[in-house]
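Dear colleague,

Please find below the structure that I am handing over to you. My notes on what was found in it follow directly after.

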Amino acid sequence: MTDTHVTADQDYPLEPVPAQARKSLWSMGFVLLGFTFFTATMWAGGSIGTAFDFSTMLWILLIGNLLLGCYAAVLGYIAARSGLNTALMSRFAFGELGSKLSDVLLGFTQIGWYAWGTATMALLLVKMTGLPEGLTLPLMVVFGFGFCVSAFVGYRGLDLLSRFAVPAMIILVAVSLTIAASDAGGLSGLSSVIPSTEMSVAAAITLVFGTFVSGGTQATNWTRFARSGKSAVLATLAAFFLGNGLMTLVGAFGALVYQQADIVDILVAQGLATLGILMLFLNLWTTQDNTVYNFAVAGCNLLRTERRRTITLIGAAIGTLLAVLGMYAWLIPFLILLGTFIPPVGGVIMANYFVSWRGRYPEIGTAQLPAFNLVGLSAYALGSLAAYASAWIAPLVGVLVAALSYVLIELAVAGVRERRAALLRSAG
C-alpha cells in the first residue's frame, strides 16, 4: 500500500484535504447535524425554559444559536478554503510547538464529553429498562468502544450513520414537540407559563453559546472536506444555528410543559418510552463518534502522526476509563468552564488567517513557522483572561478580545519591524 493510500485511509489528519476527496453539502450537513444533536444541549435549553417567559426564551435561543452558528461558520469557511482542520490552523496561529496548547485543550475537552456520553448511555439504559445495576460498568465498556466504530472508519462512517440517524431523530423530535404543544394548550398556554427560576439574559445567551462552542471550534474537521467556502458556511449554519437551536428548543419546551429538559424523559412522560431509548442511543452515538474523531485529529497533530485510527482507539479507551472512574458526576461544570478558554482559540485563528496570511495559507511544510507564535499566544491569553473575568457573554467576549488583541499586537510588531529595517537602511 502506498503512502498516499494510507493518508487517504486516515482522513488526511496532517495535510490539506485534496480536491478528489471533497464532499457534498448534503454529506457535510448530515454529519454536522448528527454532531449537534446532543443531549447536554437540551439540558441547557431546559435551564433557560424555566427562567424566562416564552417570547423572551425564543429571542435568547435565536441570538445564542445565531452567534454560535456565525462563529463556527467563519472557521468552517477558512477550513474549506484551506483544506485544513483546527489543529493544523493552530500551527500558523500559535507556532509549531505552540499549537500543542490547542491540541491539548481541544482533545481533552472532546474526550471528556465522550466519557460523559458513554456513562450517560449506560446509566440511563439501566434506569429505563430495569436492568441490574451491576451491568452499568460492563455497559460503559461496551458503549465506550462501540460508539467509536463509525469514527474509526472515518468521515465515510460518520456520514453513513448520520444519513440514517438524523432523519430519524428529526421525526421523533417533531412528534414530541407536537404532543408537547398540545399538552400545554397551544400557543396561549405556553405564553401564560410563569418562570419558576431566575437567570440573567447574558448568562442565558452564554449558556447557549458556550455549551457547544468547543464543538464549533472543531467543526473544521468536517468542513475542510467542503467543495467550496459557501458549502461550508451553509452546512455549518444549518448544524449550529438550526440543529443546535432545535435541541435547545426541545429542552426549553420540555422544561415549560413537563418540567423535564431531557428528550428521553420527555418521551417517557408522553408514553413513548421505547422511542425514548432509541432517541437516546442515536442522539449520543452521532455525537460520540464525532467527539472521539475530534480527539483523534487533535492527537495526530500533537504527536505528529497520521495513524488516526490508532489514536481513535486510544481516545475511546481513555474516555471509557474516565466513564468507569465516575467523571460523569463532576465533568459537566468543568467542561462548561473550559468553554470559556476554548473560543479564544477560534478568535486567534480567524485573525491570523485574515490579517497575517491575507486569506491564504502557504502549503503545510513549506512555510518557516516559529516554534512559538508569541503574537498568537499573547492574544489567546488576553482573550481567555477577558472571557474569564467577563460578566457578559463570556465566550463571545473571548473570541472578540482574542481577535482584536491579535490584530493590534500584530500591527504593533509590524511597525517595530519596519522602523528597525528603516534604521538599518539608513545606517548602511
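Arg163 and Asp159 stand four residues apart in helix 9 (residues 155-184), so about one helical turn separates them. Please keep in mind throughout that this is a predicted model. The two residues form a salt bridge, in which the closest N and O atoms are 2.9 Å apart. Their surroundings may be described in turn: Arg163 is partly exposed, with a relative accessible area of 37%, whereas Asp159 counts as buried at 11% relative accessibility.

Salt bridges that share partners also join Arg91, Glu96 and Arg304 into one network. Within this network, the side chains of Arg91 and Glu96 meet at 4.0 Å, N to O. Glu96 also meets the side chain of Arg304, here at 3.1 Å, N to O. Glu96 lies in the loop between helix 5 and helix 6, and Arg304 in the loop between helix 16 and helix 17; the pair therefore ties together parts that are 208 residues apart in sequence. Arg91 counts as buried, because its relative accessibility is 9% and the limit for a buried residue is under 20%. Glu96, at 25%, is partly exposed, and Arg304, at 31%, is likewise described as partly exposed. In total, the count comes to three salt bridges.

I turn next to the aromatic rings. A pair of such rings is described by the distance of the centres and the angle of the planes. How many aromatic pairs are there in the model? The count comes to 20. One of them is formed by Phe94 and Tyr380, an edge-to-face pair with 6.2 Å centre to centre and 90° between the planes. This pair links distant parts of the chain, as Phe94 belongs to helix 5 (residues 86-94) and Tyr380 to helix 20 (residues 374-389), 286 residues apart. Both Phe94 and Tyr380 are buried.

Another pair, Phe281 and Trp285, is tilted, with 5.4 Å centre to centre and 55° between the planes. These residues are four apart in helix 16 (residues 273-303), so about one helical turn lies between them. Phe281 is partly exposed at 28% relative accessibility, and Trp285 is partly exposed at 21%. Elsewhere, ring pairs link Phe35, Phe212, Trp222, Phe240 and Tyr293 into a cluster. A charged residue also meets a ring: Arg309 lies over the face of Phe152, at 5.1 Å from the ring centre.

On the surface, Leu137, Val141, Phe145 and Val324 make a nonpolar patch of about 300 Å². Helix 7 (residues 136-146) gives the largest share of this patch, three residues. Val324 lies in helix 17 (residues 308-324) and counts as partly exposed at 31% relative accessibility.

Finally, is helix 19 largely enclosed by the rest of the structure or largely open? Eleven of its 14 residues are buried, so helix 19 is largely enclosed. Among the buried residues are Pro343, Val348, Met350 and Tyr353. Helix 19 (residues 343-356) reaches 19 Å from its first C-alpha to its last, close to the 20 Å expected at 1.5 Å a residue. The helix is followed by Arg358, whose phi is positive, near 55°.

With kind regards

How values were computed
Residues numbered from 1 in each chain as written. Predicted model: local features only at pLDDT ≥ 70, side-chain atom pairs only at ≥ 80, totals over all residues. Heavy atoms only, no water. Phe/Tyr/Trp six-rings, centres within 6.5 Å; stacked < 30°, edge-to-face > 60°. Helix = DSSP H or I, 4+ residues; strand = E, 2+ residues; numbered from the N terminus. Buried < 20%, exposed > 50% of the residue type's maximum accessible area, 1.4 Å probe, protein only. Lys NZ or Arg CZ within 6 Å of the ring centre and 35° of its normal. Patch = residues over 30% accessible without salt bridge, like charges linked within 9 Å, V, L, I, M, F, W, Y side chains within 5 Å. Areas by Shrake-Rupley, 256 points an atom, 1.4 Å probe, with all protein chains shown as cover. Expected span 1.5 Å × (residues − 1).
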